[in-house]
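Trainee: I would like a close look at one part of this model, the sheet and what packs on it. Please go through it strand by strand.

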Amino acid sequence: MEKKELIRYAMNAREYAYAPYSGFQVGAALLCKNGKIYTGCNIENAAFTPTNCGERTAFFKAVSEGEREFECIAIVGGKEGEMTAPSPCGVCLQVMAEFCDAGTFEVIMAKSEDEYTVKKLSSLLPYGFSLG
């Protein structure tokens, strides 16, 4: 799958974001190794702690349906009317590390289909927590 196509999925997912407190809407599209795509958006909560990021929403949807092998994730975000190329938070990176090979899993941080950065998970979370 082309990176641009995965970014489009993330941009569409962003439309469903529930972000009344920060105004920062995030969309994510997670590509499984079998070609399936799971999308997610951020869902905020007045108590803040129960807030869930778009990346984790996509991962939890996929894992809850039996997926365990992932290739890459595209992430877009920004306040209404603007786009940035957001980096995943530490919690999201740790969730990715739980299910992905940090040396091969790619994180696509996109501002648009044509303006994006691709990083390996290992470069974004060089010292992730592990029980091994």
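Mentor: What follows describes the sheet, then its central strands, then the helices beside it.

This is a predicted model, in which local features need pLDDT of at least 70 and side-chain atom pairs count only at pLDDT 80 or more, while totals for chains, interfaces and linings use all residues. Residues are numbered from 1 along each chain as its sequence is written, and side-chain values use heavy atoms, with hydrogens and water left out.

The sheet is open and has 5 strands, in the order β2-β1-β3-β4-β5, with mixed pairing. Its edge strands are β2 (37–41) and β5 (116–120), each of which pairs on one side only. On average, neighbouring strands are turned by 15° against each other, direction ignored. Strands and helices here are DSSP runs numbered from the N terminus (strands: E, at least two residues; helices: H or I, at least four). Two strands are said to pair if DSSP finds at least two bridges between them. In general, strands of a sheet pair through backbone hydrogen bonds, either parallel or antiparallel.

Take β3 next. β1 and β3 pair in the antiparallel sense over 9 bridges, and G27 has V76 in β3 as its bridge partner. With β4, β3 runs parallel, and 5 bridges join the two. Among the facing residues, I75 stands opposite M109 in β4, and I73 has V107 in β4 as its bridge partner. Of the 10 residues of β3, 8 are buried, so this strand is largely enclosed by the rest of the structure. Buried means under 20% relative accessible area, exposed means over 50%, and partly exposed lies in between (1.4 Å probe, protein chains only).

Strand β4 (residues 106–110) is also mostly covered, with 4 of its 5 residues buried. β4 and β5 pair in the antiparallel sense over 5 bridges, and they form a hairpin with 5 residues between them. Two residues already named reappear here: M109 stands opposite T117 in β5, and V107 has K119 in β5 as its bridge partner.

Now the helices. Helix α1 (residues 3–14) lies across β1 (24–32), β2, β3 (70–79), β4 and β5, and runs at about 50° to β3. Axes are lines fitted to C-alpha atoms, for helices over the stretch in contact, and angles run from 0 to 180 degrees between N-to-C directions. At 1.5 Å a residue, the 12 residues of α1 should span 16 Å, and the end C-alpha atoms are 17 Å apart, which agrees. The expected span is 1.5 Å times one less than the number of residues. In α1, the residues L6, I7, A10, A13 and R14 are buried. Seen down the axis of α1, the buried residues fall within an arc of 115°, so they line one face of the helix; the arc is that of the directions from the helix axis to the C-beta atoms. The cover over the buried residues of α1 includes β1, β2, β3, β4 and β5.

Helix α3 (residues 90–99) contains A97. This helix joins β3 and β4 in a right-handed β-α-β unit. A97 is partly exposed, with a relative accessible area of 29%. Leaving aside neighbours within four places in sequence, A97 is in contact (heavy atoms within 4.5 Å) with L121 and L125. The C-alpha atoms of A97 and S122 are separated by 8.6 Å, and these residues are 25 residues apart along the chain.

Conventions
A crossover is right-handed if, with the strands pointing away from the viewer, the path from the first strand over the helix to the second runs clockwise.
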